[in-house]
Amino acid sequence: MGADMRLVELLEELSLLLELSGENPFKAQAYARAARTLVEHEIDVHRAVAEGTLRQLPGIGPALEEAITEYVRTGTITLYEHLQQQVPEGLLELTQLPNVGPKRARQLYEQLGIASVDALEQACREHRVATVKGFGVKTEQALMEAVQQWKHSRFRLHLHTALREVQRWRERILALPDVTSVVVVGTLRRYAEIIEEISLLVTTPFPERLSKALRKELPEAVAETGTRFAARGERGVRIWFELAPVEVAGWMLFQGTGSEAFVAAIEAELRARGFQPAPHGLLKDGEVVPLRTEEELFALLGLPVVPPELREGGEIVAIARQQGLPRLVSRADFCGMLHVHSTWSDGKASIRQMALAAKELGYRYIAICDHSPSAYYAGGLSYERLKQQHAEIDRLNAEDLGIYILKGTEVDILPDGSLDYPDETLEQLELVVASVHSHFKQSRHEMTSRLVRALEHPAVHILGHATGRLLLSRPPYEVDIEAVLATALRLGKIVELNAQPYRLDVSWEYLQRWRDQGLHIAINPDAHSAAELEYTDLGIALARKALFPPDQVVNTLSLEEFRQFCRRHTQQ
DNA sequence: GCCGTTTTCGGCCCGACTGTTTTCAGTCG
């Protein structure tokens with residue numbers, strides 16, 4: 001069992017509240033660090049309290065032990081309750097804005113009485129923010145932009161958060177009587193990168209009865225119709241529930257999944273065959289056609305079932321009709337887990353733990369790619385530490401863990417496009433992923449030349465998260481990504497589809513344009529913990545959206561093939 | 001608040017960047 005997430009969230013918020021109330025920042029950090037420790041060590045706090053083992057954990061001393069013990073006994077922490085009374089609620093919201101930390105939030109509150117993002121927006125409009133000491137006109141403008149960005153991303157979720165949210169609601173709804181199934185539909189079923197609302201299709205033999213039960217279970221939900229309800233979930237995201245009789249569940253699933261263009265294309269084919277599509281059922285001669293599954297619907301048209309992630313547009317219907325669905329990369333093709341971190345730099349798990357976790361997931365080899373020296377904040381490895389790491393990898397491989405560990409690096413691309421290790425060091429590595437982690441504000445021309453130069457380095461195999469975007473928080477840096485992808489293709493270099501749900505970089509739309517040209521990609525979790533290895537699956541879904549076949553995804557290569565591929569593509 | 005072959009007090013991942021200053025504070029990765 002993992003850590004108690006409510007406690008973890010409580011400790012994190014407590015840390016922020018301490019900073020906001022002007023406490024010693026190191027004291028505040030101690031609470032945040034304790035929260036991380038509980039997660040990383042997957043601590044069952046109830047057991048740890050019972051056994052009195054909390055103090056053995058790094059960063060947990062007498063005060064944290066007492067706070068956690070109190071939480072286990074009472075469900076809360078007095079200090080937290082106390083601070084919550086003292087610190088205005090909106091200050092936490094303010095710290096979510098980029099460039100607003102606890103200090104500035106406090107200043108804005110004390111000087112201007114600002115205690116919410118809305119109040120900050122108003123103050124910016126009235127140019128009151130620029131009058132505060134330490135703030136100026138530029139800061140005011142930047143804050144105004146940050147407010148707009150925040151309002152835009154409010155109520156939106158990253159893919160993994162949305163999937164977790166679905167899990168929670170599914171369990172809750174499945175516990176009700178008369179529920180046959182709860183299936184996610186909408187953009188989430190299609191694996192959109194950002195989820196604006198979650199839609200769940202609830203099938204039942206008795207829609208009216210379930211409607212009543214649902215109303216009772218979710219009193220806060222708003223009923224749009226007798227069979228359609230809206231509630232609010234994680235971070236205020238809207239959750240739709242649609243009740244459907246089992247006889248037409250397949251039709252409703254198809255309708256709910258979309259996209260509009262895809263539904264229209266299928267409906268056009270149905271009309272041509274004498275069917276009349278309607279929102280709540282497919283009709284033929286005025287009678288509802290029973291369609292319990294999507295398979296039955298596609299079979300009506302003599303089409304293969306189009307996987308949900310491919311349904312962004314209508315063109316796929318014509319493709320499926322004329323030449324069948326292309327063979328797409330899938331989880332079953334995967335052998336290699338590339339680009340993962342370990343405790344040698346900023347990862348949370350040891351090399352052994354990461355390797356064994358990857359083996360459990362069915363992988364045959366794993367490339368440990370920790371950071372290089374310039375990424376000091378991430379504990380980047382000096383040459384000496386890199387050598388030590390290699391010795392450990394040799395020892396682990398000698399143990400024969402049932403998965404082969406490759407010696408890799410995620411080397412920083414420095415501002416001028418050179419790499420953060422000397423050539424002799426890079427030559428000793430089996431896999432070189434090169435990524436940008438600093439100096440994001442270069443001009444488009446500088447950034448493009450920087451990435452091109454990195455790709456031209458003979459030791460580089462993979463270009464990591466090439467646009468630098470962080471979904472919902474940071475736009476990509478200025479770069480001519482098309483020129484970069486063209487260079488990768490020309491040199492036979494691999495472009496990463498970074499599967500971190502915050503990144504999903506390079507985006508599938510860009511990759512799709514270069515797929516036909518023969519671009520090779522690597523789908524990498526960039527995992528910092530064993531749990532994050534599973535992000536790979538999100539990346540696979542997005543590669544499928546871009547219609548990548550297995551042979552253009554290097555993770556599908558066997559170990560020997562992968563090594564050959566790397567050798568071939570770095571010999572100039 | 002935590003920690004300790006720098007050890008019971010005084011540090012705490014360090015440097016870049018930005019916008020504000022006129023020598024630095026706050027934030028970020």
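Select N498 first: N498 stands opposite N524 in β17. Strands here are DSSP runs of E, at least two residues long, and helices are runs of H or I, at least four residues long, numbered from the N terminus. The model is predicted: local features need pLDDT of at least 70, side-chain atom pairs count only at pLDDT 80 or more, and totals for chains, interfaces and linings use all residues. Residues are numbered from 1 along each chain as its sequence is written, chains are lettered from A and ligands numbered from 1 in the order in which they are written, and side-chain values use heavy atoms, with hydrogens and water left out.

**Stop 1: β16 and β17**

Select residues 494–498, which form strand β16, and then β17; the two pair in the parallel sense over four bridges. Two strands pair if DSSP finds at least two bridges between them. Now add helix α22 (residues 508–515): with β16 and β17 this helix makes a right-handed β-α-β unit. Right-handed means that, with the strands pointing away from the viewer, the path from the first strand over the helix to the second runs clockwise.

Show the side chains of β17 (residues 521–524). Which residues point one way, and which the other way? I521 and I523 point one way, A522 and N524 the other way, and all are buried. Buried means under 20% relative accessible area, exposed means over 50%, and partly exposed lies in between, with a 1.4 Å probe and protein chains only.

**Stop 2: H457**

Go to the loop between α20 (444–456) and β15 (462–463), where H457 is placed. Is H457 buried or exposed? H457 is buried, because its relative accessible area is 16%. A polar atom of the H457 side chain lies 3.0 Å from the backbone nitrogen of A459.

**Stop 3: an open sheet**

Select β8, β9 and β10, three strands that form an open sheet in that order with antiparallel pairing. The edge strands, β8 (276–278) and β10 (287–288), each pair on one side only. β9 (residues 281–284) and β10 pair in the antiparallel sense over two bridges. Click on L283, and then on V288 in β10, its bridge partner.

**Stop 4: helix α13**

Select residues 249–257. This is helix α13, which is mostly covered, with seven of its nine residues buried. The buried residues are A249, G250, W251, M252, L253, F254 and T257. After α13 comes G258, which has a positive phi near 65°.

**Stop 5: DNA strand B**

Show DNA strand B with the 33 residues around it; G59, G61, G101, G136 and H439 come nearest. A residue is near the strand if one of its heavy atoms lies within 4 Å of it. Of the strand B atoms within 4 Å of the protein, 70% belong to sugar or phosphate, and the rest to bases.

Next, select G61: one of its backbone N or O atoms lies 2.6 Å from a phosphate oxygen of DNA strand B. For L64, a polar backbone atom is 3.1 Å from a phosphate oxygen of the strand. For V137, the distance from a backbone N or O atom to a phosphate oxygen is 3.2 Å. The elements that give two or more residues to this surface are α2 (25–40), α4 (62–74), α7 (102–112) and α9 (137–153). α2 gives the most, with four residues.

**Stop 6: the domains**

Finally, colour chain A by its domain assignment, which is automatic or from a database: domain 1 (1–87), domain 2 (89–154), domain 3 (164–323) and domain 4 (331–570). The centres of domain 2 and domain 3, taken over C-alpha atoms, are 41 Å apart.

Notes. A polar contact is a pair of N or O atoms within 3.5 Å; within protein, one must be able to donate a hydrogen and the other to accept it, and residues adjacent in sequence count only if both atoms are side-chain atoms.
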